Amino acid sequence: MNNKDSGVEVYKISFIFPNQDKYDGECTRTTDGSLERNGHGEHTTPNGIIYRGNWKNDKMNGLGRLEHPSGAVYEGEFKDNMFHGTGTYIFPNGAKYTGQFNENNMDNVYVF
């Protein structure tokens, strides 16, 4: 797949990391020739953590959904692998916070 607007070639890959994490999705080649996650993809870990969403510069950036085996779920905006922007966090007990996040921190502590 070629992104004609940016001149960057986008690849669809399925990759298993040495720690057995798995990534299925889009990536691009860096100037040194290595591949990094850019675009949309799904990253899963052997212990059941799943991230589906956008990647930029090999980090979770943009909109996505992160699910933990405990039942905790975050859905919203990410910046450099952190909850950052508008999102919803559902706690394992079912309590839910919707609002602004700043580098993984909730701006308000009101949980419903």
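1. A residue counts as buried when its relative accessible area is under 20%. By that cut-off, Phe83 and Phe101 are both buried. The model is predicted, and the points below should be read with that in mind.

2. Start with the strands. β8 (residues 82-90) and β9 (residues 96-102) run antiparallel, joined by six bridges. Gly87 has Gly99 in β9 as its bridge partner. Five residues separate the two strands in a hairpin. In that turn, Gly94 has a positive phi of about 95 degrees.

3. β9 also pairs with β10 (residues 105-106), again in the antiparallel sense, over two bridges. Asn105 in β10 stands opposite Asn102. Here the hairpin has two residues between its strands. Glu103 in this turn shows a positive phi of about 50 degrees.

4. Now the rings. The whole structure holds twelve aromatic pairs. One of them is Tyr74 with Phe83, which is stacked: the centres lie 3.9 Å apart and the planes differ by 15 degrees. Tyr74 and Phe83 are buried.

5. How are the rings of Phe83 and Phe101 arranged? Their centres are 5.9 Å apart and their planes stand at 85 degrees, so the pair is edge-to-face. Phe83 belongs to strand β8 and Phe101 to strand β9, so this pair ties together parts 18 residues apart in sequence.

6. Phe83 and Phe101 belong to one aromatic cluster, whose members also include Tyr23, Tyr51, Trp55 and Tyr74. Phe78, Tyr89, Phe91 and Tyr97 are in the cluster too. Arg37 lies over the face of Tyr23, at 5.8 Å from the ring centre.

How values were computed:
Residues are numbered from 1 along each chain as its sequence is written. This is a predicted model: local features need pLDDT of at least 70, side-chain atom pairs count only at pLDDT 80 or more; totals for chains, interfaces and linings use all residues. Side-chain values use heavy atoms; hydrogens and water are left out. Two strands pair if DSSP finds at least two bridges between them. Helices (H or I, at least four residues) and strands (E, at least two) are DSSP runs, numbered from the N terminus. Rings of Phe, Tyr and Trp (its six-membered ring) pair if their centres lie within 6.5 Å; planes under 30 degrees apart count as stacked, over 60 as edge-to-face and the rest as tilted. Buried means under 20% relative accessible area, exposed over 50%, partly exposed in between (1.4 Å probe, protein chains only). A charge sits over a ring if NZ of Lys or CZ of Arg is within 6 Å of the ring centre and within 35 degrees of the ring normal.
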